[in-house]
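Thanks for agreeing to look at this one with me. My notes follow as numbered points, to be read with the model open beside you.

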Amino acid sequence: MRAMIVRLGVLILFFFSFQLQAKEDIGMKLERVVIVSRHGVRAPTKFTPQMREVTPFQWPHWDVPLGWLTPRGAQLITALGHYQRLRLADTGLLTNKTCPDEGRVAVIADTDQRTRKTGEAFLAGLAPECHIPVHYQQEKSKTDPLFNPIKTGKCSLNTSAVKEAILTKAGGNIEQYTRTYQPAFQTLERVLNFPDSEKCKTAGKNAVCSLTKDIPTKLNIKPDNVSLPGAWGLSSTLTEIFLLQQAQGMKEVAWGRIAGDKAWQSLLSLHNAQFDLLQRTPEVARSRATPLLDLIRTALTTNGADPNHYGITFPVSLLFIAGHDTNLANLSGALDLNWSLPSQPDNTPPGGELVFERWKRVSDNTAWIQVSFVYQSLQEMREMRAFSLDNPPGRVDLALKACSEKNAQGMCSLNSFARLIESVRVADCGL
């Protein structure tokens, strides 16, 4: 009898715990979402003489102009838009109606063709044939300060502070940073067949030819830009082009010379490492990210009608922002967000989405922010895989380490999130 009572007690405790968990699960309601997305798969933005000099092979032809979103890139974005429709309808943020209610969804894009078309492609998956506009700066020939306030001259970098911060992160100097990544540079040399390139031929028969030796890197810092021209800048560009070829479904990616996941990780480590120095260093990231941080904060916090120069009136249920990999890196550096993506060697891949969600705790009506990164693996991009609630794209939840108030799920309180943005933004760069 006693054993039966103990077992009954255990069952009651289990049931009670399950009920508490169930109540906790339904006790959070999704209220708003902001997605900052990189554009989809594009053609390379440039083909320079140097790119031709470092390999004896011919670079493949793309069917769209330089820098443009490809039709396949649009399809991959549409697949993500369709998944977000399913997920947001499942959470109750959007309805299952054919089109969202007016004013519930807004899209902002940078002025480039690849970003404007990314906004359209996302809507084609989220709300097909619903005629939701993509908002962008009408003077398309000018830089939109939302995506790069420094390039517009709205604010400038503190060159001495930026130089000190980057060199400190690099371990004291760029040469030291380069030595750390020498195995990755050697992997790239093998893919390029660099020893048989025109660049090496001009070095002479007895010379030991290497990317880092024959194309030296110099840290270049100006009030409106920071760059690493030389082996680092070239390698970042070339490895990203190989990834774009893979995602584009080209038959012979990198002339068939990339063998396996380990090689992909090694190659893209050069792209990730260059971005870590130039775009994630806080002294750069905070300035460049400030307008986006301001917009994210407004979209998540405002409770009244709050119009802006894009013609959108906040609040909205879903704000989708189509930008660039630099924007994702800037936001991660400013907010100290860190991630690596299983089965995806690029930390800011085409179509990658930095997602900010505002949840309400029903028990006390408090608001909480969850941050995550949603992405397609390299294989999913290659196969153009469709997504569903049972077969979602990749997602990693991110921790806001500087948040001063968190709940049991690790979400940051809305007030703490707003204070965090205020503490990292650079006023001169703000909207």
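How many of the residues of H13 are buried? Helix H13 is mostly covered, with 11 of its 11 residues buried. Here buried means under 20% relative accessible area, exposed means over 50%, and partly exposed is in between (1.4 Å probe, protein chains only).

1. A word on the basis of these notes. This is a predicted model, in which local features need pLDDT of at least 70 and side-chain atom pairs count only at pLDDT 80 or more, while totals for chains, interfaces and linings use all residues. Residues are numbered from 1 along each chain as its sequence is written, and side-chain values use heavy atoms, with hydrogens and water left out.

2. Back to H13. Its buried residues include Asp325, Asn327 and Asn330, alongside Leu328, Leu331 and Leu335. Just after H13 comes Asp336, which has a positive phi near 55°. Helices (H or I, at least four residues) and strands (E, at least two) are DSSP runs, numbered from the N terminus.

3. Please look next at the partner of H13. Helix H12 (residues 282–301) packs against helix H13 (residues 325–335) at an angle of about 100°, and their axes are 7 Å apart. Axes are lines fitted to C-alpha atoms, for helices over the stretch in contact, and angles run from 0 to 180 degrees between N-to-C directions. H12 is therefore roughly perpendicular to H13 (under 35 degrees counts as roughly parallel, over 145 as roughly antiparallel, 65 to 115 as roughly perpendicular and the rest as oblique).

4. Who makes that contact (heavy atoms within 4.5 Å)? From H12 the residues include Pro282, Arg286, Arg288, Leu292 and Ile296, and from H13 they include Thr326, Asn330, Leu331 and Leu335. By class, the contact of H12 with H13 has nine nonpolar, four polar and two charged residues. Ala, Val, Leu, Ile, Met, Phe, Trp, Tyr, Cys and Pro count as nonpolar, Asp, Glu, Lys and Arg as charged, and the others, Gly among them, as polar.

5. Now the largest nonpolar core, which has 56 residues; Leu192, Leu211 and Phe242 touch the most other members. A nonpolar core is a set of buried Ala, Val, Leu, Ile, Met, Phe, Trp, Tyr and Cys residues joined through side-chain atoms within 4.5 Å. Among the helices that each supply at least two residues are H5 (159–169), H7 (182–192) and H11 (260–278). H10 gives the most, with nine residues.

6. Phe242 deserves a closer look. Not counting residues up to four places away in sequence, Phe242 touches Trp59, Leu188, Val191, Leu192, Val253, Ala254, Trp255, Ile258 and Trp264. There is also a second, separate core of 43 residues, which includes Leu337, Trp339, Val371 and Phe417.

7. On to the disulfides (cysteine sulfur atoms within 2.5 Å). The whole structure holds four of them, and bonded cysteines counted along the chain pair in the pattern 1-2, 3-8, 4-5, 6-7. Cys99 and Cys130 are one such pair, with sulfur atoms 2.1 Å apart; the torsion about their S-S bond is about -95°, so this disulfide is left-handed. The pair links distant parts of the chain, 31 residues apart, from the loop between H3 and S2 to the loop between H4 and S3. Cys99 counts as partly exposed at 28%, whereas Cys130 is buried at 13%.

8. Two further disulfides make a nice contrast in handedness. Cys200 is joined to Cys209, S to S 2.0 Å, and this link is left-handed because its S-S torsion is about -95°. Cys403 is joined to Cys412, S to S 2.1 Å, and with 95° about the S-S bond that link is right-handed. Cys403 is buried at 9%, as is Cys412 at 1%.

9. Some backbone details to check. The peptide bond from Phe314 to Pro315 is cis, with omega near 5°, and Pro315 sits in the loop between strand S7 (313–314) and strand S8 (318–323). Glu129 has a positive phi near 60° and is exposed, at 75% relative accessible area. Ser343 has a positive phi near 65° and is exposed too, at 57%.

10. Last, a charged residue under cover. Arg87 lies in helix H3 and counts as buried at 15% relative accessibility. Leaving aside neighbours within four places in sequence, Arg87 is in contact with Glu357, Trp359, Leu389 and Arg395.

Conventions
Contact means heavy atoms within 4.5 Å.
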